[in-house]
Amino acid sequence: MAREVVDAMTMRRALTRITYEIIEQNKGVGNLVFIGIKTRGIYLAQRLAQRLKQLEGVDVPVGSLDITLYRDDHHAIDVQGQAELNGAEIPVDINGKHIILVDDVLFTGRTVRAALDALMDQGRPAKISLAVLVDRGHRELPIRPDFIGKNIPTALDEQVAVALEEHDGHDGISIEKLE
């Protein structure tokens, strides 16, 4: 049984707070590029860019990364043929840019490590920051987010589920005990 820990309004406030923090820490947003990690990170990156445009009147490019092939915890071999690289859809050259990598939940850090590998295959940014909607702890790698919507401590036998209107039909964050 899942229990909701963050509702739509609280999620919206968390994303607005992250946007303000990004503005404050960057002294101008002209060099920024938001890159969302597939799937929900892409929608969150788009929302951050929309909020930034409302607040600053600046269009920040938004891209996406599919990090499936870069993960170190999925080694399934496609017996039908070559592995498919869906890769990145980034509308600008990232060399010299400040990339803000966006994901829904930070857990072990392995997804972020894979995203960093995928990003470096695209170019050499001046800086990479990490924005996450939820930091649930239990890191296995030395990765720390720069912008956090909510810290939600969890047990290892729990799963954090982020629902987004664009993908799931509603906004919310819930925790469910794994069987």
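Start with the open sheet of 6 strands, whose order is β4-β3-β2-β5-β6-β7 and whose pairing is mixed. Its edge strands are β4 (88-89) and β7 (147-151), and each of them pairs on one side only. Keep in mind during the tour that this is a predicted model.

**Stop 1: the β4 edge of the sheet**

Select β3 and β4 together. These strands run antiparallel and are joined by 2 bridges. To see how they face each other, pick Leu-65, which stands opposite Ala-88 in β4.

Now move to Ser-64, a residue of strand β3 (residues 62-65). Is Ser-64 buried or exposed? Its relative accessible area is 13%, so Ser-64 counts as buried. Show what surrounds this residue: leaving aside residues up to four places away in sequence, Ser-64 touches Ile-35, Gly-36, Ile-42, Gly-87, Ala-88, Glu-89 and Ile-90. Ala-88 is thus a contact of Ser-64 as well as the residue opposite Leu-65.

**Stop 2: strands β1, β8 and β9**

Next select β9 (residues 172-177), which pairs in the antiparallel sense with strand β1 (residues 3-6) over 3 bridges. Within this pairing, Glu-4 has Ser-174 as its bridge partner in β9.

Add β8 to the selection. β8 and β9 also pair in the antiparallel sense, over 6 bridges. Here the residues to pick are Val-162 and Ile-173, since Val-162 stands opposite Ile-173 in β9.

**Stop 3: the enclosed space**

Turn from the strands to the empty space. Rolling a probe the size of a water molecule over the atoms shows where such space is left. How many cavities of 30 Å³ or more does a search of the whole structure find? The search finds 1, and the volume of the largest cavity is about 30 Å³.

To locate the largest cavity, select its lining: Leu-15, Ile-18, Leu-44, Leu-48, Val-102, Asp-103, Ala-131, Val-132 and Leu-133. Two or more of the lining residues come from each of α1 (8-26), α2 (40-56), β5 (98-106) and β6 (127-135). β6 gives the most, with 3 residues. Colour the lining by class and there are 8 nonpolar residues, no polar ones and 1 charged residue.

**Stop 4: the largest pocket**

The largest pocket holds about 630 Å³ of space. Its lining has 28 residues, and those nearest the centre are Arg-71, Asp-103, Asp-104, Val-105 and Thr-111. Asp-103 was also on the list for the largest cavity.

Which elements should be shown around the pocket? At least two lining residues each come from α2, β5, α3 (110-120) and β8 (158-163). Which of the elements has the largest share of the lining? That is β8, with 5 residues. By class, the pocket lining has 10 nonpolar, 8 polar and 10 charged residues.

**Stop 5: salt bridges**

A search of the whole structure finds 11 salt bridges. Three of them are visited here.

Begin with Glu-166 and Arg-47, whose closest N and O atoms are 2.7 Å apart. This pair links distant parts of the chain, with Glu-166 in helix α4 (residues 165-168) and Arg-47 in helix α2, 119 residues apart. Glu-166 is partly exposed, at a relative accessible area of 38%, whereas Arg-47 is buried, at 16%. Add Asp-171 to the view, and a network of salt bridges linking Arg-47, Glu-166 and Asp-171 can be followed.

Go next to Asp-59 and Lys-53, whose side chains meet in a salt bridge at 3.3 Å, N to O. Asp-59 counts as exposed because its relative accessibility is 59%. Lys-53, at 40% relative accessibility, counts as partly exposed.

End at Arg-139 and Asp-135, a salt bridge in which the closest N and O atoms are 2.9 Å apart. Are these two residues buried or exposed? Arg-139 has a relative accessibility of 28%, so it counts as partly exposed. Asp-135 has a relative accessibility of 9%, so it counts as buried.

Note on methods: Residues are numbered from 1 along each chain as its sequence is written. This is a predicted model: local features need pLDDT of at least 70, side-chain atom pairs count only at pLDDT 80 or more; totals for chains, interfaces and linings use all residues. Side-chain values use heavy atoms; hydrogens and water are left out. Helices (H or I, at least four residues) and strands (E, at least two) are DSSP runs, numbered from the N terminus. Buried means under 20% relative accessible area, exposed over 50%, partly exposed in between (1.4 Å probe, protein chains only). Contact means heavy atoms within 4.5 Å. On a 1 Å grid over the protein atoms alone, a cavity is a set of points where a 1.4 Å probe fits but cannot get out, and a pocket is an open set with protein on both sides within 12 Å along at least five of seven lines; lining residues have an atom within 4 Å of a point. Grid points are joined across faces, edges and corners, and a volume is the space filled by probe spheres set on the points. Ala, Val, Leu, Ile, Met, Phe, Trp, Tyr, Cys and Pro count as nonpolar, Asp, Glu, Lys and Arg as charged, and the others, Gly among them, as polar. Two strands pair if DSSP finds at least two bridges between them. A salt bridge is a side-chain nitrogen of Lys or Arg within 4 Å of a carboxyl oxygen of Asp or Glu.
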